[in-house]
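Student: Hi! I've got a structure open and I'd like to work through it with you, a bit at a time.
Tutor: Sure, let's bring it up and start with a single residue.

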Amino acid sequence: MKFRKTNPRFGYLVVLIVLCLGVAGISSMVTIPAVHGWYKDLAHPSFTPPDAVFGPVWTALYIMMAVASWRAWGRDQYQWDSSCIRLFLIQLALNFAWSFLFFKFHLIGVAAVEIVVLEIAIIVTTVAFLMRDKIAGMLMVPYLLWVGFASALNIGFWSLN
């Protein structure tokens with residue numbers, strides 16, 4: 001029986017999944033205590049989903065983002081000077097920062113501005129991915145839509161509080 005060697009490029013996918021889920025994990029450590037404290041006392045927009053929706057949705061989105069970035073970055077032969085990986089890391093850093101602004105520091109207005117910047121970064125990243133790999137770009141669309149919804153929620157919280 002022959003064993004096939006694993007594609008060494010598969011390691012990049014694993015790293016990206018771990019990175020994205022790491023961002024998710026650290027963000028949730030900031031978010032969860034606030035959800036059970038400060039956040040529950042805020043006036044909520046009428047279209048706020050139940051808290052239980054956020055964890056599964058974000059987990060799926062982070063995995064899709066990792067796969068999308070892996071596919072797009074692969075079109076650039078996984079070079080560190082790839083605009084795809086740089087754009088992806090910038091938007092991921094903005095994503096990470098939002099949880100701290102909103103849930104840790106309670107800066108709802110600053111978080112609202114930051115999430116709009118994040119949305120723009122996601123649009124730019126998605127377009128760059130689409131230009132390299134259609135599937136990669138399409139994998140970013142649910143994330144783009146969800147952050148658009150999250151932007152509306154953030155702005156709703158800002159206006160009510």
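Student: Where does Ile-63 lie?
Tutor: Keep in mind that we're looking at a predicted model. Find Ile-63 and see which element it belongs to: it lies in helix H2.

Student: Is Ile-63 buried, partly exposed or exposed?
Tutor: Its relative accessibility is 35%. Buried would need a value under 20%, and exposed one over 50%. So Ile-63 counts as partly exposed.

Student: How far apart in space are Ile-63 and Leu-21, C-alpha to C-alpha?
Tutor: Along the sequence, 42 residues separate Ile-63 from Leu-21. In space, going from C-alpha to C-alpha, the distance is 7.4 Å.

Student: Okay, zooming out. How many helices and strands does the protein have?
Tutor: Reading from the N terminus, the elements go α-α-α-α-α. The count is therefore zero strands and five helices.

Student: What share of the contacts with a separation of 6 or more is between residues 24 or more positions apart?
Tutor: Ile-63 and Leu-21 gave us one pair that is 42 residues apart in sequence. For the protein, take the contacts with a separation of 6 or more and ask how many join residues 24 or more positions apart. That share is 77%.

Student: How are H1 and H2 oriented towards each other?
Tutor: H1 covers residues 10-35, and it packs against H2 at about 155°, with the axes 9 Å apart. Angles over 145 degrees count as roughly antiparallel. That's why we call H1 and H2 roughly antiparallel.

Student: Which class of residue, nonpolar, polar or charged, has 16 members in the contact of H1 with H2?
Tutor: On the H1 side you'll find, among others, Leu-13, Leu-16, Ile-17 and Leu-21, while the H2 side includes Tyr-62, Ile-63, Val-67 and Trp-70. The contact has one charged and two polar residues. The class with 16 is nonpolar.

Student: And how does H2 sit relative to H3?
Tutor: H2 runs over residues 51-74 and H3 over residues 83-104, and they pack at about 160° with axes 9 Å apart. That makes the two helices roughly antiparallel.

Student: How many charged residues are there in the contact of H2 with H3?
Tutor: H2 brings Trp-58, Tyr-62, Met-65, Ser-69, Ala-72 and Trp-73, and H3 brings Cys-84, Ile-85, Phe-88, Gln-91, Leu-92 and Asn-95. By class, nine are nonpolar and three are polar. The number of charged ones is zero: there are no charged residues.

Student: Which crossing is left-handed, and which is right-handed?
Tutor: Take the two pairs in turn. H1 passes H2 in a right-handed crossing. For H2 and H3, the crossing is left-handed.

Student: What's the sign of phi at Gln-77?
Tutor: Gln-77 is in the loop between H2 and H3. Most residues other than glycine have a negative phi. Gln-77 isn't glycine, yet its phi is near 55°, so the sign is positive.

Student: Where does His-106 lie, and how exposed is it?
Tutor: His-106 has a positive phi too, near 60°. Its place is the loop between H3 and helix H4 (108-132). With a relative accessible area of 36%, His-106 is partly exposed.

Student: Last one: what percentage of the residues is buried?
Tutor: The protein has 161 residues. Counting those with a relative accessible area under 20%, the buried share is 41%.

Terms used: Residues are numbered from 1 along each chain as its sequence is written. This is a predicted model: local features need pLDDT of at least 70, side-chain atom pairs count only at pLDDT 80 or more; totals for chains, interfaces and linings use all residues. Side-chain values use heavy atoms; hydrogens and water are left out. Axes are lines fitted to C-alpha atoms, for helices over the stretch in contact, and angles run from 0 to 180 degrees between N-to-C directions. Helices (H or I, at least four residues) and strands (E, at least two) are DSSP runs, numbered from the N terminus. Angles under 35 degrees count as roughly parallel, over 145 as roughly antiparallel, 65 to 115 as roughly perpendicular and the rest as oblique. A crossing is left-handed if the near helix is turned anticlockwise from the far one by less than a right angle, and right-handed if clockwise. Contact means heavy atoms within 4.5 Å. Ala, Val, Leu, Ile, Met, Phe, Trp, Tyr, Cys and Pro count as nonpolar, Asp, Glu, Lys and Arg as charged, and the others, Gly among them, as polar. Buried means under 20% relative accessible area, exposed over 50%, partly exposed in between (1.4 Å probe, protein chains only).
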